[in-house]
Amino acid sequence: DAEQRPTATNELVLAGTRRFNDTWTGGVEYSYDFEASQGNEADFSLQYRNECIRVDLTLSRDFDSSDDLRSSTDFGIKVSLIGFGAGQSSAQRNRTCRG
């Protein structure tokens, strides 16, 4: 009980990312609770990026074992316009955004 947690926790977390090519990257994270004998959370991500735009797609699944809460699934999308603005480094400004 060095961390002084109210309940025992035995959890395994696996995480990793994979770059498929210059523009696509994927990621996954999964946690499993050995005390409850079930998964806690699973997260998946997919990112597309070029010199003009960055698109992040996410899927998150939260597994809940209590009777008063339900498991939930969340989807997310984030679009960022890059290649614009004064906050870029000189290396970023050398690449231009061409439609």
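## Phenylalanine 34 and its aromatic partner

Phenylalanine 34 counts as partly exposed, with a relative accessibility of 49%, and this value, like every other one in this report, comes from a predicted model. The cut-off explains the label, because a residue counts as exposed only over 50% and as buried under 20%, with partly exposed in between. Along the chain, phenylalanine 34 belongs to the loop between E2 and E3.

The structure contains 2 aromatic pairs. In one of them, tyrosine 32 and phenylalanine 34 meet edge-to-face, with 5.0 Å from centre to centre and 70° between the planes. The pair is called edge-to-face because its planes are over 60 degrees apart. Tyrosine 32 is itself partly exposed, its relative accessible area being 24%.

## Overall architecture

The protein chain holds 1 helix and 5 strands, and, when it is read from the N terminus, these elements follow one another in the order β-β-β-β-β-α. The chain has 99 residues, of which 16% count as buried.

## Contacts around asparagine 10

Asparagine 10 is linked in space to two residues from a later part of the sequence. Phenylalanine 34 is 24 residues from asparagine 10 in sequence, yet their C-alpha atoms are 5.3 Å apart. Aspartate 33 is separated from asparagine 10 by 23 residues along the chain, while 5.9 Å lies between their C-alpha atoms.

Aspartate 33 has its place in strand E2, and its relative accessible area of 14% makes it a buried residue. It is classed this way because the limit for buried is under 20% relative accessible area.

## Strand E1 and its distant neighbours

Strand E1 covers residues 11-19 and includes leucine 12, which is partly exposed at 41% relative accessibility. Leucine 12 and serine 31 are separated by 19 residues in sequence, and the distance between their C-alpha atoms is 5.6 Å.

Arginine 19 is also found in strand E1, and with a relative accessibility of 55% it counts as exposed. From the C-alpha of arginine 19 to that of glutamine 47 the distance is 9.4 Å, with the two positions 28 residues apart in sequence.

## A single salt bridge

How many salt bridges does a search of the whole structure find? The search finds 1, in which the side chains of aspartate 56 and arginine 54 meet at 3.0 Å, N to O. In general, side chains of opposite charge can pair when their charged atoms come close. The contact qualifies because the cut-off asks for a side-chain nitrogen of Lys or Arg within 4 Å of a carboxyl oxygen of Asp or Glu.

Are the two partners buried or exposed, or partly exposed? Aspartate 56 is buried, at a relative accessible area of 14%, whereas arginine 54, at 28% relative accessibility, counts as partly exposed.

## Surface patches

On the surface, Phe20, Trp24, Leu46, Leu57, Ile77 and Val79 make up a nonpolar patch of about 560 Å². One of these residues, leucine 46, lies in strand E3, which spans residues 38-49, and leucine 46 is partly exposed at 32% relative accessibility. Leucine 46 can be a patch member because patches are drawn from residues with over 30% relative accessible area.

A patch of negative charge is also present on the surface, where Glu29, Glu41, Asp62 and Asp74 gather. Among them, glutamate 29 has its place in strand E2, which runs over residues 24-33. The relative accessible area of glutamate 29 is 38%, so this residue counts as partly exposed, and glutamate 29 meets the accessibility limit for patches because 38% is over 30%.

Note on methods:
Residues are numbered from 1 along each chain as its sequence is written. This is a predicted model: local features need pLDDT of at least 70, side-chain atom pairs count only at pLDDT 80 or more; totals for chains, interfaces and linings use all residues. Side-chain values use heavy atoms; hydrogens and water are left out. Rings of Phe, Tyr and Trp (its six-membered ring) pair if their centres lie within 6.5 Å; planes under 30 degrees apart count as stacked, over 60 as edge-to-face and the rest as tilted. Buried means under 20% relative accessible area, exposed over 50%, partly exposed in between (1.4 Å probe, protein chains only). Patches are made of residues with over 30% relative accessible area and no salt bridge: like charges are joined within 9 Å, nonpolar side chains (Val, Leu, Ile, Met, Phe, Trp, Tyr) within 5 Å. Accessible areas come from the Shrake-Rupley method with a 1.4 Å probe; for residues, only the protein chains shown count as cover. Helices (H or I, at least four residues) and strands (E, at least two) are DSSP runs, numbered from the N terminus. Lys and Arg count as positive and Asp and Glu as negative; His and the chain ends are not counted. The place of a charge is taken as NZ of Lys, CZ of Arg, CG of Asp or CD of Glu.
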